[in-house]
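Biologist: Please give me a close look at one part of this model. Then tie that part to the rest, step by step.

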Amino acid sequence: MRLLFLGDIVGRPGRLAVSERLPALRERWRLDCVVINGENAAGGFGITESICDELINAGADAVTLGNHSFDQREALVFIARQPRLVRPANYPPGTPGRGATVVETQSGARVLVVNVMGRIFLDPLDDPFAAAERELSACPLRDAADAVIVDVHAEATSEKEAFGWFLDGRASLVVGTHTHVPTADHRILPGGTAYMSDVGMCGDYDSVLGMQKDEPVRRFLQKTPGSRLEAATGEGTLCGLAVETDDATGLARRVSPVRLGPHLEETWPQHWE
């Protein structure tokens with residue numbers, strides 16, 4: 001299968017980059033499954049039902065979240081009726097929504113999508129490793145799923161790398177989100193799991209992590225209350241990771257970063273052209 005994971009969408013520039021580019025990329029690269037992190041899609045803070053629908057209509061098979069999952073209070077309600085929207089599985093019991101979902105591709109293949117949130121430098125939720133173990137045990141690769149994608153929404157690279165090794169050989173892809181800057185460590189681990197510490201964001205890189213620059217810079221300089229952070233408004237760059245899996249094992253055999261747009265050097269899976 002051909003899988004594409006796109007990093008955190010930040011505001012309108014990220015949404016436009018997805019809506020304008022993804023439909024053509026699905027056809028051009030013959031993608032089987034696309035997963036997008038959408039936790040910053042609504043002006044940088046959370047997601048609304050209309051935005052979630054917009055991403056699905058653009059070609060997303062599932063949308064993952066993170067620490068801003070419920071910044072838009074309507075998410076507390078609509079997440080229950082949207083099976084393609086996945087919040088971190090290690091939220092406490094009773095939290096609305098689901099931490100994993102299975103999507104079916106046009107060919108009939110089943111893809112398990114799991115979302116967990118790290119605990120280092122973030123709200124200390126339940127154990128993300130135990131949550132991931134629970135979800136993968138309920139729907140293991142090869143036995144119940146043809147591919148497994150795990151979004152590790154975490155601040156610390158060490159925690160993300162530990163997740164890669166923890167799930168090596170049991171997931172098709174373990175990918176880091178949250179820090180909005182693409183790392184250069186994309187690779188296939190010895191057990192066959194594709195891994196990248198952070199896929200970056202879909203948003204305007206003429207910014208501070210997708211936000212207009214002046215207020216974040218001022219906060220570092222002055223450490224005093226100021227205005228609300230606002231999403232940057234320039235042209236967005238699409239960032240993600242493309243993975244090709246082996247049909248027999250569900251594990252990765254090719255991995256390539258995706259960066260399409262201004263400010264960053266462009267790259268894409270040329271072996272799919």
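Modeller: Start with Arg30, in the loop between H1 and E3. Here helices (H or I, at least four residues) and strands (E, at least two) are DSSP runs, numbered from the N terminus. The backbone of Arg30 has a positive phi of about 55 degrees, although Arg30 is not a glycine. Is Arg30 buried or exposed? Arg30 counts as exposed, because its relative accessibility is 53%. The cut-offs are these: buried is under 20% relative accessible area, exposed is over 50%, and partly exposed is in between, with a 1.4 Å probe and protein chains only.

Two ground rules first. This is a predicted model, so local features need pLDDT of at least 70 and side-chain atom pairs count only at pLDDT 80 or more, while totals for chains, interfaces and linings use all residues. Residues are numbered from 1 along each chain as its sequence is written, and side-chain values use heavy atoms, with hydrogens and water left out.

Now step back. The protein has six helices and 14 strands. Its C-alpha trace spans about 55 × 45 × 35 Å along the principal axes. The radius of gyration is 17 Å, which agrees with the value near 19 Å for a compact globule of 273 residues. That radius is taken over C-alpha atoms, and the globule rule is 2.2 Å times the number of residues to the power 0.38. Of the 273 residues, 58% count as buried. Among contacts (heavy atoms within 4.5 Å) with a separation of 6 or more, 63% join residues 24 or more positions apart.

H1 and E3, the neighbours of that loop, also feed the inside. The largest nonpolar core has 37 residues, and Leu4, Val18, Ile36, Ile47, Leu85 and Leu238 touch the most other members. Strand E1 (2-6), helix H1 (11-29), strand E3 (33-37), helix H2 (49-58), H3, strand E13 (238-245) and strand E14 (252-260) each give this core at least two residues. A second, separate core has 22 residues, including Ala89, Val114, Cys139 and Leu167. Such a core is a set of buried Ala, Val, Leu, Ile, Met, Phe, Trp, Tyr and Cys residues joined through side-chain atoms within 4.5 Å.

Take Leu85 next. Leaving out residues up to four places away in sequence, Leu85 touches Ile47, Cys52, Val63, Leu65, Phe78, Ile79 and Arg98.

Leu65 leads on to Asn115, in strand E7 (residues 110-117). Asn115 counts as buried, because its relative accessibility is 0%. Its side chain makes two polar contacts (N or O pairs within 3.5 Å; within protein, one atom must be able to donate a hydrogen and the other to accept it, and residues adjacent in sequence count only if both atoms are side-chain atoms). One reaches the backbone nitrogen of Leu65 at 3.0 Å. The other reaches the backbone oxygen of Asp151 at 3.2 Å. Beyond four places away in sequence, Asn115 touches ten residues' worth of neighbours, among them Gly66 and Ala89.

Gly66 brings us to Tyr91, in the loop between strand E5 (85-86) and strand E6 (100-104). The side chain of Tyr91 reaches the backbone oxygen of Gly66 at 3.4 Å. Tyr91 counts as buried, because its relative accessibility is 14%. Not counting residues up to four places away in sequence, Tyr91 touches Gly66, Asn67, Ser69, Phe70, Leu125 and Asp126.

His68 sits in the loop between strand E4 (62-64) and helix H3 (75-78). UniProt, in an unreviewed entry, places the feature "active site" at His68. UniProt positions use the numbering used here, feature names are shortened, and annotations may be inferred rather than shown by experiment. His68 is buried, because its relative accessible area is 19%. It touches Glu39, Asn40, Phe45 and Gly46, again leaving out residues up to four places away in sequence.

Finally, compare the opening residue with His178. His178 has a positive phi of about 105 degrees and is not a glycine. The place of His178 is in the loop between strand E9 (173-177) and strand E10 (187-188). With a relative accessible area of 13%, His178 is buried, whereas Arg30 is exposed.
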